[in-house]
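This report describes the open and enclosed spaces of one protein model, together with the strands, helices and core around them. The sequence and structure are shown first.

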Amino acid sequence: MISVIITGENISGSRITVNEKSDINHLKNVFRIKLDEEIRAVDGEKEYFCKVVSIDKKEIILEIEQIFEDRYSHKVKIDAALGILKNDKMDLAIQKLTEIGINKIIPLAVKRGVAKITEKKDKWDLIVREALKQCQAVKATEVDEVKKLEEIEFEKYDLVIVPYECEEEYTLKNLLRNREKLPERVLYIIGSEGGFVPEEIEFLKSKKADIVTLGRRILRAETASIVVGGILINEFQ
């Protein structure tokens with residue numbers, strides 16, 4: 001079903017007004033919607049199943065037929081801190097992490113990072129928006145401002161996981177098997193193309209992070225971010 005992202009300001013009684021120019025263009029010229037067609041709208045908390053009742057140049061009016069609370073977000077909030085990657089790789093990671101249901105992405109400026117970005121890109125929010133429509137979720141993945149490792153609020157998390165290529169014995173499977181209770185909030189941290197320097201790993205250990213291996217194969221950073229995210233989503237959903 002076609003999805004559109006709205007805010008509470010778009011809702012008035014039993015009707016939703018779609019007035020974002022890009023959304024109107026997409027609905028009219030790409031999907032070629034017609035009167036009485038079914039459309040799904042989401043506002044980050046609920047999903048609305050609607051019928052198209054009016055199509056105009058500047059707005060599209062939807063009539064709400066059913067309302068559901070968010071049925072797609074996970075109870076355990078899983079955040080991913082990811083060393084900033086070169087353009088297409090970072091874009092891919094953000095897209096896929098949104099699709100699988102990561103709660104928040106924290107772009108990290110790390111010492112071996114090749115891509116140098118000091119502030120969040122508007123493009124990343126657009127990637128999240130389009131991925132949200134595709135995967136039929138309700139709540140968008142938040143892309144945080146660029147941070148350094150020292151700026152992460154580690155105290156917010158019950159579990160912090162760091163895959164590291166120099167760790168050889170303690171696996172992610174070991175860690176998940178040995179947990180005593182279900183965490184409420186989890187953070188995993190992936191380095192950039194160059195990985196972490198030893199000083200960064202020591203800092204993370206001082207913050208009670210669990211350093212794990214993902215196996216003998218060395219994964220690209222974007223691959224590792226998606227693999228670990230998928231394992232944790234499956235483990236804690």
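The largest pocket has 25 lining residues, and those nearest its centre are P163, Y164, E165, I218 and L219. The model is a predicted one. The volume of the largest pocket is about 470 Å³. Helix α6 (residues 221-236) gives the largest share of the lining of this pocket, namely 3 residues. Sorted by class, the pocket lining consists of 10 nonpolar, 6 polar and 9 charged residues.

An enclosed space is also present: a search of the whole structure returns 1 cavity of 30 Å³ or more. The largest cavity holds about 40 Å³ of space, and its lining is made up of S3, V4, D23, H26, L27, F31 and K133. Two elements, β1 (3-5) and α1 (21-30), each give two or more residues to this lining. The largest share, 3 residues, comes from α1. By class, the cavity lining has 3 nonpolar, 2 polar and 2 charged residues.

P163, one of the residues nearest the centre of the largest pocket, belongs to one side of strand β10, where L159, I161 and P163 are all buried. On the other side of β10, V160 and V162 are buried as well, and both faces of the strand are thus covered. In a regular strand, side chains alternate between the two faces of the sheet. Counted along the strand, which spans residues 159-163, 5 of 5 residues are buried.

Which strands pair with β10, and in what sense? Strand β11 (residues 185-190) pairs with β10 in the parallel sense over 3 bridges, and strand β12 (residues 210-212) also pairs with β10 in the parallel sense over 3 bridges. In the pairing with β11, L159 stands opposite V186; in the pairing with β12, I161 stands opposite D210. Helix α4 (residues 172-177) joins β10 and β11 in a right-handed β-α-β unit.

I161 also has a place in the largest nonpolar core, which contains 34 residues; I78, I161, Y188 and L232 touch the most other members. At least two residues of this core come from each of β7 (77-83), α2 (87-100), α3 (122-135), β10, α4, β11 and α6. The largest share, 6 residues, is supplied by α6. Helix α6 therefore gives the largest share of the core under the definition of helices used here, and the largest share of the pocket lining, 3 residues, comes from α6 too.

A further sheet is open and has 6 strands in the order β1-β4-β5-β6-β3-β2, with mixed pairing. Because β1 and β2 (11-12) stand at the edges and each has a single partner strand, one side of each is left without a neighbour in the sheet. Strand β1 is also one of the elements that give two or more residues to the lining of the largest cavity. Within the sheet, strand β5 (residues 46-55) and strand β6 (residues 60-69) run antiparallel and are joined by 9 bridges. In this pairing, K51 stands opposite E63 in β6.

The strand pairings described above are set out below.

| Strand pair | Sense | Bridges |
|---|---|---|
| β10 and β11 | parallel | 3 bridges |
| β10 and β12 | parallel | 3 bridges |
| β5 and β6 | antiparallel | 9 bridges |

Terms used
Residues numbered from 1 in each chain as written. Predicted model: local features only at pLDDT ≥ 70, side-chain atom pairs only at ≥ 80, totals over all residues. Heavy atoms only, no water. Buried < 20%, exposed > 50% of the residue type's maximum accessible area, 1.4 Å probe, protein only. Helix = DSSP H or I, 4+ residues; strand = E, 2+ residues; numbered from the N terminus. Pairing = 2+ DSSP bridges. Right-handed = clockwise from strand over helix to strand, strands pointing away. 1 Å grid on protein atoms, 1.4 Å probe; cavity = no way out; pocket = protein on both sides within 12 Å on 5 of 7 lines; lining within 4 Å. Points joined across faces, edges and corners; volume = space filled by probe spheres on them. Nonpolar A, V, L, I, M, F, W, Y, C, P; charged D, E, K, R; others polar. Core = buried A, V, L, I, M, F, W, Y, C linked by side-chain atoms within 4.5 Å.
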